[in-house]
Every structure is written in C-alpha cells, then in structure tokens.
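Please look through the model below before reading on. The note is meant for someone who has not seen it before.

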Amino acid sequence: MNTTALTPNALAFLALCNEYCVAAENAREAERDEFVATMLRLLPRLYIAASDLRAADNDGIEEPADAYLTPVLEEDYYDSVRTGIEELMGSDDTYLEVFEEDMKYSDTPIAASVSEGLTDIFQSLYNLLENIKSAPDHVTLSALVAAKEDFESYWSRILCNVMRALNNIRYSPDTEI
C-alpha cells in the first residue's frame with residue numbers, strides 16, 4: 001500500500017483501527033479494568049477519526065464512488081473474539097439498550113451485549129485492515145470510503161451505545177478500579 005495519497009487523518013484512523021483490533025483480539029489475556037479503560041480510550045478516538053475521515057487529499061485524487069469492503073473475517077474467528085470479550089466482561093457483558101428501534105414498541109427492556117457490540121466494530125475494522133494489506137492505492141481509497149459509509153450507517157451507533165455501557169462499568173459506584 002502506498003500511503004502517500006492518504007490524508008494524515010486516514011493514516012491515524014488506520015493506526016487506531018489496528019490498535020483496536022489488537023486490543024479486541026487480546027481480550028482473553030487482559031485484566032477487565034484495563035480492557036475497559038483501553039476501550040474507553042480508543043472508542044472516542046475512533047469515532048472522531050471516522051467522523052472526519054477523508055481518504056484522499058484534494059490534490060486531484062477523487063474518492064471512489066463505488067466503495068466496497070470484501071468481508072474476510074471468518075465466523076469462527078468472530079466468535080472467538082466475542083467469546084474472549086464476553087468471558088472477560090462476565091456479568092457486566094449485558095446492558096439495557098434504550099436506543100433500539102424496537103424499544104418504542106415494547107414494554108420489555110431490550111438487552112444488548114458489550115462483547116457483541118465491540119466484536120461488530122472489530123469485524124468492520126478487521127475487514128478494512130485485511131482489505132488494504134498490500135493493496136494498490138485505488139483499493140485502499142475505496143476501502144476507506146466504504147469504512148466511512150459503514151461507520152455512518154452501522155457501527156457509529158453501536159460504538160456510542162457500547163461506550164455508554166463501558167463508561168457505566170468503569171465509573172459505577174459499585175465498581176472498584
């Protein structure tokens with residue numbers, strides 16, 4: 001991958017994606033409080049970087065209109081990462097979701113999972129990183145545009161919701177850190 005055409009923000013975003021994926025993959029070896037603190041440090045930075053993401057500088061390089069990320073994360077690996085986070089989070093893995101679309105039609109609270117939310121984000125970022133390994137510039141630009149679109153339509157909401165749950169875990173009066 002030739003990174004000369006990428007914006008500094010795109011490069012920073014890719015570095016954050018890599019840091020996030022490493023943290024998620026290594027959750028089994030982490031201490032819970034350390035993992036929660038790491039996620040609370042990474043998630044807001046990912047949100048800001050993805051929100052401001054422009055793949056290419058405006059030096060005559062156009063961002064592709066037909067952006068697409070090839071899914072490469074295998075289901076077994078997804079499950080392995082999710083299970084590692086779920087085991088680490090223990091009873092704190094489940095939280096009540098208030099921004100679920102079905103919530104307005106339900107009298108019953110809707111539960112969500114920290115591990116599933118973090119692994120859904122992991123899946124998007126992992127697919128991005130795998131798509132751009134040794135890729136030519138046009139593929140990298142297309143992958144970044146697709147990642148931005150995926151952020152806007154899907155994982156930005158998940159990120160905000162899971163960050164709220166992690167914040168509660170970290171700063172709850174019942175939690176010792």
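The points below go from the whole chain to single residues.

1. The model is predicted. Its chain contains five helices and two strands. Along the sequence these elements follow the order α-α-α-β-β-α-α.

2. Of the 177 residues in the chain, 45% count as buried. The chain exposes about 9600 Å², and carbon and sulfur atoms supply 48% of that area. Among contacts with a separation of 6 or more, 80% are between residues 24 or more positions apart.

3. Glu 97 deserves a look. This residue belongs to strand β1, which covers residues 94–97. Is Glu 97 buried or exposed? Its relative accessibility is 4%, and because buried means under 20%, Glu 97 counts as buried. Which side chain does the side chain of Glu 97 make a polar contact with? The partner is the side chain of Asn 161, at 3.1 Å.

4. Side chains of opposite charge can pair when their charged atoms come close. A search of the whole structure finds eight salt bridges. Three of them are taken up in the points that follow.

5. Arg 41 forms a salt bridge with Glu 19, with 3.0 Å between the closest N and O atoms. Arg 41 lies in helix α2 (residues 32–51) and Glu 19 in helix α1 (residues 8–25), so this pair ties together parts that are 22 residues apart in sequence. Both partners are partly exposed: Arg 41 has a relative accessible area of 39%, and Glu 19 has a relative accessibility of 31%.

6. Arg 32 forms a salt bridge with Asp 92, and here the closest N and O atoms are 2.3 Å apart. This pair links distant parts of the chain, 60 residues apart: Arg 32 is in helix α2, whereas Asp 92 is in the loop between α3 (75–89) and β1. Asp 92 counts as partly exposed, at 29% relative accessibility.

7. Lys 133 forms a salt bridge with Glu 130, the closest N and O atoms being 3.0 Å apart. At 54% relative accessibility, Lys 133 counts as exposed, while Glu 130, with a relative accessible area of 29%, is partly exposed.

8. Which residues are joined into one network by salt bridges that share partners? They are Arg 32, Asp 33 and Asp 92. The pair from point 6, Arg 32 and Asp 92, should therefore be read together with Asp 33, because salt bridges that share partners join these residues.

Note on methods. Residues are numbered from 1 along each chain as its sequence is written. This is a predicted model: local features need pLDDT of at least 70, side-chain atom pairs count only at pLDDT 80 or more; totals for chains, interfaces and linings use all residues. Side-chain values use heavy atoms; hydrogens and water are left out. Helices (H or I, at least four residues) and strands (E, at least two) are DSSP runs, numbered from the N terminus. Buried means under 20% relative accessible area, exposed over 50%, partly exposed in between (1.4 Å probe, protein chains only). A polar contact is a pair of N or O atoms within 3.5 Å; within protein, one must be able to donate a hydrogen and the other to accept it, and residues adjacent in sequence count only if both atoms are side-chain atoms. Contact means heavy atoms within 4.5 Å. Accessible areas come from the Shrake-Rupley method with a 1.4 Å probe; for residues, only the protein chains shown count as cover. A salt bridge is a side-chain nitrogen of Lys or Arg within 4 Å of a carboxyl oxygen of Asp or Glu.
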